Structures are given as structure tokens and as C-alpha cells.
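Subject: Structure handover

Hello,

Here is the structure I promised to pass on. Please open it first, then read my notes below.

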Amino acid sequence: MNLADTEVVGGILSGDGYEMTLQLADADVVLLNTCAIRDNAEQRIYGRLGLISTFKRSNPRLVVGILGCMAERLRTQLVDEEELVDIVVGPDEYRKLPDLVGRAIEGEKGVAVRLSRVENYDDVVPLRTDGISAWVSVMRGCDKFCSFCVVPFTRGRERSRPLAGIVREVADLAARGFKEVTLLGQNVNSYRDGRYDFADLMLSVAAVDPAVRIRFTTSHPQDMSDRLIDAIASTDNICNYLHLPVQSGSDRILDLMNRTYTVRGYLDLVEKIRQRIPGVSLSTDVISGFPTETEEDHRKTVGLMQAVGYDGAYTFKYSAREHTKAWEMTDDVPEEVKGQRVNEIATLQHAISQTRNESMVGIVERILVEGPSRKSDRDCTGRTDRNKVVVFPRNGERPGEYIDVIIDRVNSATLFGRRLTPSVKEGNA
């Protein structure tokens, strides 16, 4: 979401005559787009501001701004008390940036953090460089109010972009040569444009160009409708990959989290998805150490991870956030215990991912080539429909090309293979 918002900000400022620079020393304006989901993200921002302050001392007219979720939370501290920044702009006020920046150049500090029930930036053309993959924000905000999550307070309530505008944006991306589009929202599968729901949007976007893969993130189990599952199952270029956050394997903790489903309901949903979308890849989010979480609760989460057999998982220690319901609970799980539990879950997931990837040895996968491998110029990297990273020997492949690769070996994170020549492919058939 922050990457997509940064492109929106780039589009707004480029319309006012600004250009991107990769060098801090050349910048007239430095904007940090922030996240307030976990405390460590906020701490990193203070480190960045310390670095930028050295440039500001040598160039007092340099405008420094904070954008995004931290803006609303820390506006007084950042502008008035610590005087670290010149402007603070929340996620619904980016249209004001040209005016605020202009005033800041003349020495006037500015704050704009009001949340909106209507702003979705549908008419803003994001500033993107040409490439293979693009992020398209289709809705903003969230109405779920999970007790641990600050998003409804920093990004506001749900509002969706018109379906027609999203389809036009995807058509433009396809015309520019993009081969993969990921639809974004804090709770993307609750998208609604009048009579159109997220399944309608996915089918409409997929119909733009069958050579463009369609993904989405992030979803809520409550909104994983039968129509959406069927849309994924029936459409070749909608990827067979779902990120389905569970957060905990304990019904008691799920209730405290206000997650609106039970473990049994979640497992039934997983079974339905796997029946209708054979070979689907599933990933999840898990929070360890939520207030009052006991060892028994933790063991239930471990059991759920084993029962589902995810392809991947993002694991986090619980981080208390102001304004949330959980903030009012006692953060009573010691940090050491949180760390032990999250490490156990991560270790378990590592083993599960290894086993699931090993089942793919000898299988031919259609790969979207992304470019040279980060570890060796002799290799290329690409991604499968199921969101698996594949590394293979380089042989003139071009980014954006689809090729067939037979998987020879794996580790828990990556598949390794070789390009399948037409003769070998025919022999296998």
C-alpha cells in the first residue's frame, strides 16, 4: 500500500513540475512515507530523519515531510516538539502537497491529516517507471476494526474506486507492457462499487489482457466469497495464490482480536478453497504474544499451522498500538516469551515450506521472467502463478517473457530449475 501511495504522491507532485531524484544531496524536497502498523517501523523513521537532518543543516531550504500513517499519530511530536520536519500529511490529504511544499519553502510549516470518507485518488495517474509488475490500489481504509490494528484510525473507513476507472488503469498498464498487476486494499475483498463486488472486479480486470497476471492482497477470511473463489478457479490469468491472514489458532484469542471467524470456520474455508482451486498456494499472517495469550493458545496456533500447511507465513510479535481496543488490554506476555513463540512458528513454517516445495521437484512451471538473479548474473529469476520464486540459468531471457522451467531442486524459499526446450517439453508430453 505504501508503494502504491508513493506512486500517487509522485503523480501529484510531477503534475506540479517536480521530478524524482535518487540523490539526497540534489533534493529540494524529501518525503518519507510511513507505516504505523508496528513500533519498529516508527523507530526506523527517526533514524532516517537523523540522516536527513545533516543535509538540512547544509541546505536550510530543504523541505522535509512525513507522509502516511505516522503523520496523524505523531504530528505534534514531529513538527512542534522535536522540529524534525516541515510538513506532515496523512494518507487522505496528498492533493494538498504542492501547496504545502510551496509554503514550506518559504518557511511555513504545515499539517494536513484529516481522514476522508470519499477520497480514493481515482483520477490521479500514479508516477510509475516502466516495468513488469504494478500495484493498483482499488480501495482505501478498513471497517473491520480488529482489536490490534491501527489502520481504521490512520487510514479511515472503507471506500472503493469505481470499477471502470480500475479497468482503464489496468488497460493502460497492459498497453505499456506490464505483465503482472496486484490489486491492493487494506481489506481488498470487501471491495464494492454499487452492484459490483470484488469477484466482478477481478473478472473485469482479468479480461483486459489474458497475458497479464492478476493478483490481490490483502484479504479477510470473512469476505472470501464463493463467487471470488470460483472466479479464481475459472480464470487462467488470475493467479492461484491467496494470502489469507489467520493471526491465531485459538478461538479465545480470535474473539479478543475481533476477527469474526472461528478456527473451524477458517479450516472449512481452506478446505473449500483447495477443493475448488487445485494446487493453490496459501500464505498467512500470525501474531504471537497477543494480550493474555497462554502457552495453550500458542500450541493451538502451532497445531493450525500444521493442519493447514501454508506455503509461507509472515510472523510478528504483538506490538501495542494506541487507539486500538487491544491498547486498553494489558500487554502481559513478556517480550522474551513473544520472541520464543514467534521463532517456534517461523521455524515450523520453514520446515513446512521446505516440504511443500520439495513436492514440486520434477514439475514443469510456467514462469514470468523478472530479470537477473540478485546473487549471480549467470542466473535469471522469475515467479510462478503460485507466487513461488524460481532461479534458473540465464540464456537470453527477457523480463516480461513467459517460459517453462522444470524444477530440479528447492529450498524453503526458492525453486531452482532449468528452462525447458520445446523438444524436451514434447518428450515429456
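Glutamine 247 sits in the loop between β12 and α9 (251–257). The model is a predicted one, and this residue has a backbone angle to look at. Phi of glutamine 247 is near 75°. That is a positive value, in a residue other than glycine. Is glutamine 247 buried or exposed? It is buried, with a relative accessible area of 7%.

Asparagine 258 also has a positive phi, of about 60°. It is not a glycine either. Look for asparagine 258 in the loop between α9 and α10 (263–276). Its relative accessible area is 33%, so asparagine 258 counts as partly exposed.

One more backbone point. The peptide bond from threonine 217 to threonine 218 is cis. Its omega is near 0°. Threonine 218 belongs to the loop between β11 and α8.

Next, the sheet. Three strands form an open sheet in the order β12-β13-β14. The pairing is parallel. Which strands stand at the edges? They are β12 (241–243) and β14 (312–317). Each has a single partner strand, so one side of each has no neighbour in the sheet. From one strand to the next, the twist averages 10°. Strand β13 covers residues 281–288, and three bridges join it to β12. In one pairing, tyrosine 241 has serine 281 of β13 as its bridge partner.

Now helix α7, residues 198–206. It is mostly covered, with seven of its nine residues buried. Those buried residues are Phe198, Ala199, Asp200, Leu201, Met202, Val205 and Ala206. What do they pack against? Their partners are two helices, α6 (163–175) and α8 (226–234), along with the strands β8 (180–184), β10 (196–197) and β11 (213–217). There is a polar detail at the start of α7. A side-chain oxygen of aspartate 197 comes within 3.1 Å of the backbone nitrogen of alanine 199.

On to the cores. The largest nonpolar core has 51 residues. Which of them touch the most other members? Leu183, Phe216 and Ile273 do. Take leucine 183, leaving aside its neighbours within four places in sequence. Its contacts include Phe198, Leu201, Met202 and Val205, residues that also appear among the buried ones of α7. Leucine 183 is in contact with Ile214, Arg215, Phe216 and Thr217 as well. Val136, Val138 and Val188 complete the list. A second core, separate from this one, holds 17 residues. Among them are Ala27, Val30, Leu62 and Val85.

Last, the cysteines. How many disulfides are there? The count is zero. Cysteine 142 is in no disulfide. The nearest cysteine sulfur, in cysteine 146, is 6.3 Å away. Cysteine 142 is buried, at 10% relative accessible area. The sulfur of cysteine 149 also has cysteine 146 as its closest cysteine partner, at 6.1 Å. That is too far for a bond, because a disulfide needs the two sulfur atoms within 2.5 Å. Cysteine 149 counts as buried, at 18% relative accessibility.

If you have time for one place, start at leucine 183 and follow its contacts.

Best wishes

Methods
Residues are numbered from 1 along each chain as its sequence is written. This is a predicted model: local features need pLDDT of at least 70, side-chain atom pairs count only at pLDDT 80 or more; totals for chains, interfaces and linings use all residues. Side-chain values use heavy atoms; hydrogens and water are left out. A nonpolar core is a set of buried Ala, Val, Leu, Ile, Met, Phe, Trp, Tyr and Cys residues joined through side-chain atoms within 4.5 Å. Buried means under 20% relative accessible area, exposed over 50%, partly exposed in between (1.4 Å probe, protein chains only). Contact means heavy atoms within 4.5 Å. Two strands pair if DSSP finds at least two bridges between them. Helices (H or I, at least four residues) and strands (E, at least two) are DSSP runs, numbered from the N terminus. Axes are lines fitted to C-alpha atoms, for helices over the stretch in contact, and angles run from 0 to 180 degrees between N-to-C directions. A polar contact is a pair of N or O atoms within 3.5 Å; within protein, one must be able to donate a hydrogen and the other to accept it, and residues adjacent in sequence count only if both atoms are side-chain atoms.
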